[in-house]
Amino acid sequence: MKILIENIKTIVGANPTPGKKLSGKEMSVLPCLDNAWISIADGLISGMGTMKEGMPEKAKFDKVINAEGRFVFPSWCDSHTHIVYAGSREGEFVNRIRGLSYEEIARRGGGILNSAERLNKTSEDELFDSAMRRLNEITKYGTGSVEIKSGYGLSVEGELKMLRVIKKLKQHSPLTIKANFLGAHAMPTIYKQSRQEYIDLIINEMLPIIAKEKLADYCDVFCDRGFYTVEETDAILQAGLKHGLQPKIHANELDYSGGIQVGVKNNALSVDHLEFTGDAEIECLLKSDTMPTLLPSTAFFLGLHYPPARKMIDAGLPIALATDYNPGSSPSGRMAFILSLACVKMKMLPEEAINAATVNSAYAMGVGNTHGTITIGKKASIFITQPIPSYSFIPYSFGSDLIETVIVEGKLMS
Ligand code: NIG
Ligand code: FE
């Protein structure tokens with residue numbers, strides 16, 4: 001289908017350099033094109049320009065959309081989610097309100113282990129249906145590409161089941177999806193006294209099957225206090241690399257865990273969470289190509305302190321933003337709220353937050369060449385807002401749904 005969008009008030013992220021990440025001061029530069037048009041053909045952005053310079057002939061298009069007063073954005077790239085899960089955990093939410101901490105709940109066998117127990121009792125079809133519903137939900141919120149992790153199986157069958165569900169989602173959803181193997185998300189209770197046995201299972205049984213069946217694009221470990229140590233993380237990441245899986249890991253959410261350093265050492269595409277980031281971690285990241293990815297809705301929902309985004313950007317680092325959509329620490333996949341939190345709680349400028357949720361989060365999930373900016377030749381995954389006064393209105397109007405039209409790879413979704 002050929003689509004022409006005319007009279008666009010502003011195209012946001014009209015950036016001609018595909019795949020590049022934005023660091024430090026570059027993050028506050030948001031290329032825009034005012035009073036403009038975009039043409040779409042074969043799922044790709046085929047042209048764009050200003051109304052003044054003139055548009056292609058309307059008769060050549062199957063659909064013409066008048067976007068007067070409206071902004072066009074590149075779809076959000078949500079580079080960190082756990083949207084394949086069974087059940088929900090609002091009981092733990094209430095326990096936290098009553099005073100228990102996330103770590104205490106985990107120590108008592110709740111948290112990730114609670115989700116793992118439910119997931120292992122749930123069929124592949126049910127998991128697929130509920131995850132598909134969540135994908136449809138985030139599509140409406142403007143997300144066009146999403147990374148999904150395993151990690152609620154914590155057994156050979158459970159992890160493979162999750163990854164097969166993700167593979168099926170890739171086949172059935174119009175969104176671009178990347179799969180991340182997170183067998184090392186928590187230590188299953190039966191291995192608490194014999195940790196190495198479970199790690200051997202990940203390395204010697206899960207990874208070879210995953211590689212053979214091409215079930216994952218990346219390899220993850222929750223490297224943090226009470227979860228996996230630096231040495232354990234290093235061993236798992238190296239085993240993943242031997243199977244061609246680049247690391248993309250959870251690090252420094254609960255402590256200065258060494259997770260950032262071990263991620264960088266293993267050339268991680270991204271290290272995510274980073275509530276505990278000090279000078280040593282910033283120095284280490286500055287010497288790397290690893291994308292620091294912040295998940296402020298987790299800090300919001302768990303009542304943690306926020307990562308030092310301002311300090312990181314001012315030191316010259318890039319930042320990506322993602323939702324961490326999962327049943328325990330962030331049961332929401334609304335990227336616009338992440339932008340509001342980034343601005344309000346982490347003092348990121350709207351330009352920095354938008355770049356972090358598009359260009360840099362595309363980089364953080366390996367889709368920078370096709371997503372993250374409005375560039376001729378890239379996928380036509382975009383959204384059109386309601387009439388709004390400026391792009392800063394998006395993070396400013398927290399909680400409001402301002403998206404009117406969603407297009408994913410050239411397909412009109414709403
Ligand atoms: O990213 N931090 C580790 N894993 C998830 C939480 C998963 C859960 O609580 O179910 C996260 O926050
Ligand atoms: Fe996570």
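1. Ala362 and its surroundings. In this predicted model, Ala362 is found in helix α14, which spans residues 359-364. Its relative accessibility is 0%, and Ala362 therefore counts as buried. Leaving out residues up to four places away in sequence, Ala362 touches Cys77, Val367, Gly368, His371 and Gly372. Ile376 lies 14 residues from Ala362 along the chain, and the C-alpha atoms of the two are separated by 16 Å.

2. Helix α13. Residues 350-357 form helix α13, which is mostly covered, with eight of its eight residues buried. The buried residues are Pro350, Glu351, Glu352, Ala353, Ile354, Asn355, Ala356 and Ala357. The list thus includes the acidic residues Glu351 and Glu352.

3. Domain arrangement. The domain assignment divides the chain into domain 1 (3-75 + 372-412) and domain 2 (76-364). The centres of domain 1 and domain 2, taken over C-alpha atoms, are separated by 29 Å. Contacts between them involve 31 residues of domain 1 and 36 residues of domain 2.

4. The nonpolar cores. The largest nonpolar core has 105 residues, and Leu135, Leu169 and Met348 have the most contacts inside it. Helix α12 gives the most to this core, with eight residues. Both domain 1 (3-75 + 372-412) and domain 2 (76-364) give residues to the core, so it lies between them. Leu135 touches Ile83, Val146, Ile148, Leu169, Ser173, Leu175 and Ile177, not counting residues up to four places away in sequence. Another core, of 17 residues, lies apart from this one; among its residues are Ile8, Ile11, Ala14 and Ile407.

5. The sheet. Eight strands form an open sheet with parallel pairing, in the order β6-β7-β8-β9-β10-β11-β12-β13. Strands β6 (76-81) and β13 (320-321) stand at the edges, each with a single partner strand, so one side of each is left without a neighbour in the sheet. Helix α12 (residues 335-346) packs on the sheet and touches β6, β7 (143-149), β12 (291-294) and β13. The direction of α12 makes about 85° with that of β6.

6. Edge strand β6. Although β6 stands at an edge of the sheet, six of its six residues are buried, and the strand is described as mostly covered. Strands β6 and β7 run parallel and are joined by four bridges. Within this pair, Cys77 stands opposite Ser145 in β7. Cys77 is also one of the residues touched by Ala362, which relates this strand to the helix of point 1.

7. Strand β9 and its partners. Strand β9 is mostly covered, with six of its six residues buried. Tyr218, Asp220 and Phe222 point one way from the strand, whereas Cys219, Val221 and Cys223 point the other way, and all are buried. Strand β8 (residues 176-184) runs parallel to β9 and is joined to it by three bridges; here Ala184 stands opposite Val221 in β9. Strand β10 (residues 246-251) also pairs with β9 (residues 218-223) in the parallel sense, over four bridges. In that pairing, Phe222 stands opposite His250 in β10.

8. The iron site. Which residues coordinate the iron ion (ligand 2)? The donors are His80 (NE2), His82 (NE2), His250 (NE2) and Asp324 (OD), at 2.1 to 2.3 Å. In sequence the donor residues are spaced H-x1-H-x167-H-x73-D. The pair His82 and Asp324 links distant parts of the chain: His82 is in the loop between β6 and α1 (90-97), Asp324 is in the loop between β13 and α12, and the two are 242 residues apart. His82 and Asp324 are both buried. His250, another of the donors, is the residue of β10 that stands opposite Phe222.

9. Thr293. Is Thr293 buried or exposed? With a relative accessibility of 0%, Thr293 counts as buried. Thr293 lies in strand β12. Leaving aside neighbours within four places in sequence, Thr293 is in contact with Ser79, Ser270, Val271, Asp272, His273, Leu274, Ala320, Ala322 and Ala364.

Definitions and conventions. Residues are numbered from 1 along each chain as its sequence is written. Chains are lettered from A and ligands numbered from 1 in the order in which they are written. This is a predicted model: local features need pLDDT of at least 70, side-chain atom pairs count only at pLDDT 80 or more; totals for chains, interfaces and linings use all residues. Side-chain values use heavy atoms; hydrogens and water are left out. Two strands pair if DSSP finds at least two bridges between them. Contact means heavy atoms within 4.5 Å. Axes are lines fitted to C-alpha atoms, for helices over the stretch in contact, and angles run from 0 to 180 degrees between N-to-C directions. Donors are N, O and S atoms within 2.8 Å of the metal (3.2 Å for Na, K and Ca); water is not among the atoms, so sites may look incomplete. Buried means under 20% relative accessible area, exposed over 50%, partly exposed in between (1.4 Å probe, protein chains only). A nonpolar core is a set of buried Ala, Val, Leu, Ile, Met, Phe, Trp, Tyr and Cys residues joined through side-chain atoms within 4.5 Å. Domain bounds come from an automatic or database domain assignment.
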